[in-house]
Amino acid sequence: MSVAVAPAPSAAVPTVRPAVPPAQAAASAAAASFAALEASLDYLGASEIEQVRQAYRFADQAHLGQLRKNGDPYITHPIAVAQICTQWKLDAQALMAALLHDVLEDCGVTKAELTERFGPAVAELVDGLTKLDKLQFDSREQGQAESFRKMLLAMARDVRVMLIKLADRLHNMRTMGDMPRHKWARISRETLEIYAPIAYRLGLNNLYRELQDLAFRHLHPWRYQALSKALARSRARRKDLIARVQGEVEAAFARSGLQVRIAGREKTLYSIYHKMDTKHLSFAQVTDIYGFRIIVPQVLDCYTALGVLHQLYKPMPGKFRDYIAIPKVNGYQSLHTTLIGPFGTAIEFQLRTPSMDAVAESGIAAHWLYKTGDAAQASAQALNAQWLQSLLDIQQETKDSGEFWDHVRIDLFPDSVYVFTPKSKILALPRGATAVDFAYAIHSDIGHRAIGATINGEQVPLRTELHNGDVVEIITSPHAHPNPAWLGFVRTGRARSKIRHYLKTLAQEEARALGERLLRQALRAEGYAHLPGDDASGQSVWDKLLRLSGTRSRDELLVDIGQGRRIAGMVGKKLAALLAEGGQRPDALLITQERFGAPAEDQPSQGVVVLDGSEGSSIVYASCCRPIPGDRIVGYLGKGEGLAVHTEDCPVGRRLLQRDRERFLEVEWAEERTRTFESTIAVTVRNGKGVLARVAAAIAAAEADITHLHMGDEAAQSTTELRFTVAVHDRVHLAQILRQLRRTPSVLRAQRVRPPRAPEGH
């Protein structure tokens, strides 16, 4: 960078001045940059300008000696970021934070110092902007996810954090040419996937478009250059056409007496490229490169102006969008119509009021630009406030940073569908959203209790995808709860986080109950009938046990036992030792009953886990052998997996028994079961018309439900094996089904499917 040195004002000093030192040249460059910033602060008061100047001096001193990649002093970057923020008329605190945004990260300044010098508000803004690179993470991706979580949550509390961050990213993208070439792709992709969608979500459309174009330019430089040249040639060819259309439109509005302001609009290079890429079009096939924006005084004038345009040129069917009646999720409002102009050229027109135009270009920043309380701005503010609040809701239920970022990324897709509640309230959801997403958008309790939905009066499954204009009603049941399968098709971060939180909470509660049950049984085997109570002496025993086991709470210890991370017998021995230290003596009779199988008459199943089918996710029935009531069974407490129930002769269970005998528990079936259990049967049939129907009818006649059918992929032969998974009450019920099948014509063989036996010696 060359610095011009002004001559001395007089020749009083005859000596020749030496060349300006590099440090002094850098200081001159920084001072010149701040002078340009100061010229943009005319909307602030004198005291606020002085506060900004103080922040500049502090940042300048903190970054002294640091240079950017192009050799400029580093302070020129914070000044440029602050200057971008002045375009949105951000307040003095935000501008101070913009100037100071790198001092915590790069200069060793503490948050306490910033609080003391500039107040807690500025310090919080700077802290929200600071990355977490100084902390140790398992991977770069985890560190990045944690950084974004911190930044987004800071934004939810104060949106100025994100406005400054976006200004920071914009200046970095504008100066990307100074960065090493190998970093271009990563930074550009991050900009396209994260920062541009956030800018769109906040309604910052000018910024959104510029970030996309800059990222495209550095991610695909050859494609960018080729498209740029094609657009320049097209612009030259269509110059006369655009002038003619503008003249005809101005004349039409002059005849109607409607006051309008007409501006040309050209599609950005990235949006042209994206349309070509996604719709497999050539450049010549993209017809909406050029368009016009019509600004009218009032909302009603938008519709009047639409009538004038439709009288002038014929509209293209299906190309009209009313974003005034139904705004986009970021508050954008406008009428869009595509008309057939001269020579059959398609031209898009956007009609809006001045306040809608302000929101369309500046989004949430319009709050600072035009503090008029206009309805369009109020609508944009309310919509963005809802999204910011949803970030806090997701955070409360998602402690893992990667999971949090996955949820948020889902909500950053710009495409939306607009659906109605039965009371005609409009909801905007991401494209591809389902009835479950709709249920959670209304209220988390509606989502948790959903069992079905009606769309436009027709009953449909919950996984049904929603379309624009659908009227959706959710059917609920007080006994319903979220299904883990919903995670496979929901599209909103809110629904995903609510479902995961519910399932995690439920799993924790079930694991805790199982852990308490197992620990009580283990303690009985040591001669103590009851766990320590909640009184002072009992709490003292629990506290000692928690210290010995290294857990923070009783619930955490019980969950660990229930999920198999700790063995109940070992914890029970420690607990028995602590009780003995406290003077409690074990009951010898109880030890005999528990250890040597002589149960008391009134408690025939103590020491055994009794299964009735009402267990939750903490107890699973192994799919390898599918145990059903009447089978001899064993329980395996896998590490972190809960209790898995196998049949006694299951090869998988036997291998586990040889490897981890201490993890096996005695389990037995309850006399009364609360549900049916699945079993697989193989039915060999002689092929013929109606065979499948007859077999299904035989199973139904035995009062069993078919939950799954597998017919194989091989070509039809004279005989075929059908595999049915059926819901049965017990072994007796299964035997009835098999008898019914064997009596059925065309059935050659029917038997229960057992897991293959392990080879000898294994």
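**Nonpolar cores and the packing of helix 13**

In the predicted model, the largest nonpolar core comprises 77 residues, and Leu-100, Leu-114, Leu-166 and Leu-211 are those with the most contacts inside it. Helix 10, spanning residues 184–201, gives the most to this core, contributing nine residues. The surroundings of Leu-114 were examined individually: with neighbours within four places in sequence left aside, Leu-114 is in contact with Phe-58, Leu-100, Val-103, Leu-104, Val-109, Gly-119, Ala-123 and Val-126. Leu-100 thus appears both among the residues with the most contacts inside the core and among the contacts of Leu-114. A second core, separate from the largest, has 51 residues, including Leu-519, Leu-523, Val-645 and Val-695.

Helix 13 was considered in further detail. This helix runs over residues 239–256, 18 residues in number, and its first and last C-alpha atoms lie 26 Å apart, close to the 26 Å expected at 1.5 Å a residue. Leu-241, Val-245, Val-249, Ala-252 and Phe-253 of helix 13 are buried. Viewed down the axis of helix 13, the buried residues fall within an arc of 95° and therefore line one face of the helix. An α-helix has 3.6 residues a turn, so residues three or four places apart point the same way.

The cover over the buried residues of helix 13 includes strand 1 (261–266), strand 2 (290–295), helix 15 (299–312) and strand 5 (346–352). On the face turned away from the buried side, helix 13 carries the exposed residues Lys-239, Asp-240, Ala-254 and Arg-255. Just after helix 13, Gly-257 adopts a positive phi of about 75°.

How values were computed
Residues are numbered from 1 along each chain as its sequence is written. This is a predicted model: local features need pLDDT of at least 70, side-chain atom pairs count only at pLDDT 80 or more; totals for chains, interfaces and linings use all residues. Side-chain values use heavy atoms; hydrogens and water are left out. Helices (H or I, at least four residues) and strands (E, at least two) are DSSP runs, numbered from the N terminus. The expected span of a helix is 1.5 Å times one less than its number of residues. Buried means under 20% relative accessible area, exposed over 50%, partly exposed in between (1.4 Å probe, protein chains only). The arc is that of the directions from the helix axis to the C-beta atoms. Contact means heavy atoms within 4.5 Å. A nonpolar core is a set of buried Ala, Val, Leu, Ile, Met, Phe, Trp, Tyr and Cys residues joined through side-chain atoms within 4.5 Å.
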